[in-house]
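Grab a coffee and work through these short exercises on the model below. Each one comes with a worked solution.

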Amino acid sequence: MFLACPNRCSTNRFELWNASVFVDTLGRYLEYRPAESPLYRCTQCGSPAVDLGEVPNAMQAEHERELERVSDYACPACETLFTAPLGQSPVVCPACGQTFPVSQQTG
Ligand SMILES: [Zn+2]
Ligand SMILES: [Zn+2]
(Lines give C-alpha, C1' and ligand atoms only; values in the text may rest on other atoms or scores of the structure.)
(Ligands and ions follow the chains in the order given, each with its own letter.)
Protein backbone atom coordinates (compact mmCIF):
# COMPACT_ATOMS: atom_id res chain seq x y z
CA MET A 1 0.00 0.00 0.00
CA PHE A 2 1.18 3.49 -0.79
CA LEU A 3 -1.38 6.11 0.03
CA ALA A 4 -1.31 9.46 -1.66
CA CYS A 5 -3.55 12.49 -1.55
CA PRO A 6 -4.99 13.35 -4.98
CA ASN A 7 -4.38 17.02 -4.14
CA ARG A 8 -0.76 16.29 -3.29
CA CYS A 9 -0.95 17.57 0.25
CA SER A 10 2.42 17.32 1.88
CA THR A 11 1.18 16.25 5.30
CA ASN A 12 0.97 12.58 4.31
CA ARG A 13 -1.40 11.90 7.16
CA PHE A 14 -4.41 9.77 6.42
CA GLU A 15 -7.42 8.85 8.45
CA LEU A 16 -9.17 5.50 8.27
CA TRP A 17 -12.59 6.35 7.01
CA ASN A 18 -14.90 3.37 7.03
CA ALA A 19 -13.26 0.80 9.25
CA SER A 20 -14.40 -0.11 12.75
CA VAL A 21 -12.12 0.01 15.76
CA PHE A 22 -13.57 -1.60 18.88
CA VAL A 23 -12.60 -0.60 22.38
CA ASP A 24 -13.69 -1.80 25.82
CA THR A 25 -15.26 0.30 28.58
CA LEU A 26 -11.90 1.87 29.38
CA GLY A 27 -11.30 2.70 25.77
CA ARG A 28 -8.66 0.07 25.43
CA TYR A 29 -8.15 -1.20 21.97
CA LEU A 30 -9.90 -4.52 21.38
CA GLU A 31 -10.24 -5.17 17.74
CA TYR A 32 -9.83 -3.60 14.37
CA ARG A 33 -12.16 -4.66 11.63
CA PRO A 34 -11.45 -3.18 8.23
CA ALA A 35 -14.26 -2.73 5.83
CA GLU A 36 -14.22 -4.75 2.68
CA SER A 37 -12.25 -2.08 0.91
CA PRO A 38 -10.88 0.28 3.55
CA LEU A 39 -11.04 3.93 2.66
CA TYR A 40 -8.60 6.53 3.84
CA ARG A 41 -8.83 10.24 3.55
CA CYS A 42 -6.32 12.99 3.71
CA THR A 43 -6.43 14.71 7.09
CA GLN A 44 -5.52 18.03 5.51
CA CYS A 45 -8.05 18.39 2.70
CA GLY A 46 -10.40 15.50 3.38
CA SER A 47 -10.06 14.02 -0.09
CA PRO A 48 -10.22 10.26 -0.40
CA ALA A 49 -6.66 8.98 -0.61
CA VAL A 50 -5.62 6.91 -3.57
CA ASP A 51 -3.57 3.80 -3.09
CA LEU A 52 -0.72 4.07 -5.54
CA GLY A 53 0.66 0.77 -4.27
CA GLU A 54 -2.26 -1.09 -5.81
CA VAL A 55 -1.82 0.33 -9.28
CA PRO A 56 1.16 -1.74 -10.47
CA ASN A 57 -0.44 -4.91 -9.11
CA ALA A 58 -3.72 -4.16 -10.79
CA MET A 59 -2.02 -3.40 -14.06
CA GLN A 60 0.02 -6.58 -13.82
CA ALA A 61 -3.07 -8.66 -13.11
CA GLU A 62 -4.86 -7.02 -16.00
CA HIS A 63 -1.91 -7.71 -18.26
CA GLU A 64 -1.82 -11.36 -17.24
CA ARG A 65 -5.51 -11.69 -17.92
CA GLU A 66 -4.93 -10.26 -21.37
CA LEU A 67 -2.24 -12.84 -22.05
CA GLU A 68 -4.52 -15.64 -20.95
CA ARG A 69 -7.18 -14.68 -23.43
CA VAL A 70 -6.68 -16.81 -26.49
CA SER A 71 -8.86 -17.77 -29.35
CA ASP A 72 -9.07 -20.97 -31.33
CA TYR A 73 -8.31 -20.92 -35.02
CA ALA A 74 -8.19 -23.44 -37.81
CA CYS A 75 -5.53 -22.89 -40.40
CA PRO A 76 -7.16 -22.40 -43.83
CA ALA A 77 -4.16 -23.99 -45.53
CA CYS A 78 -3.51 -27.15 -43.50
CA GLU A 79 -6.53 -27.16 -41.17
CA THR A 80 -4.37 -27.41 -38.07
CA LEU A 81 -6.20 -26.24 -34.97
CA PHE A 82 -4.24 -23.86 -32.78
CA THR A 83 -4.70 -20.99 -30.38
CA ALA A 84 -3.42 -17.46 -30.67
CA PRO A 85 -3.73 -14.48 -28.34
CA LEU A 86 -7.09 -12.83 -28.65
CA GLY A 87 -6.82 -9.63 -30.63
CA GLN A 88 -3.86 -10.77 -32.66
CA SER A 89 -4.32 -10.45 -36.41
CA PRO A 90 -2.97 -11.81 -38.61
CA VAL A 91 -2.22 -15.05 -36.84
CA VAL A 92 0.47 -17.50 -37.86
CA CYS A 93 -0.19 -21.20 -38.19
CA PRO A 94 2.42 -23.00 -36.05
CA ALA A 95 2.29 -26.03 -38.34
CA CYS A 96 2.79 -24.60 -41.81
CA GLY A 97 3.66 -20.98 -41.16
CA GLN A 98 0.71 -19.62 -43.09
CA THR A 99 -0.36 -16.17 -41.92
CA PHE A 100 -3.96 -15.16 -42.26
CA PRO A 101 -6.10 -12.36 -40.91
CA VAL A 102 -8.85 -13.16 -38.46
CA SER A 103 -11.98 -11.27 -37.61
CA GLN A 104 -12.11 -10.11 -34.01
CA GLN A 105 -14.61 -11.90 -31.88
CA THR A 106 -16.38 -10.10 -29.13
CA GLY A 107 -17.28 -11.72 -25.85
ZN1 LIG B 1 -5.03 16.31 0.86
ZN1 LIG C 1 -1.35 -24.33 -41.40
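**Exercise 1.** What percentage of the 107 residues of the protein count as buried?

*Solution.* A residue is buried if 20 or more other C-beta atoms, placed from the backbone, lie within 10 Å of its own. By that test, 4% of the 107 residues make the cut.

Before moving on: this is a predicted model, where local features need pLDDT of at least 70, side-chain atom pairs count only at pLDDT 80 or more, and totals for chains, interfaces and linings use all residues. Numbering runs from 1 along each chain as its sequence is written, with chains lettered from A and ligands numbered from 1 in the order written.

**Exercise 2.** Work out the order of the elements and the overall spread.

*Solution.* Start with the inventory: one helix and 10 strands, taken as DSSP runs (helices H or I, at least four residues; strands E, at least two) numbered from the N terminus. Next, the order from the N terminus is β-β-β-β-β-β-α-β-β-β-β. The radius of gyration is 25 Å, well over the 13 Å from the globule rule for 107 residues, so the protein is more spread out than a compact globule. Both use C-alpha-based conventions: the radius is taken over C-alpha atoms, and the rule is 2.2 Å times the number of residues to the power 0.38.**Exercise 3.** Find the domains and how far apart their centres lie.

*Solution.* An automatic or database assignment sets the bounds: domain 1 covers 3–59 and domain 2 covers 70–107. Their C-alpha centres lie 48 Å apart. Finally, the whole C-alpha trace spans about 80 × 30 × 20 Å along its principal axes.

Methods: A residue is buried if 20 or more other C-beta atoms lie within 10 Å of its own, exposed if 12 or fewer, and partly exposed in between; C-beta atoms are placed from the backbone.
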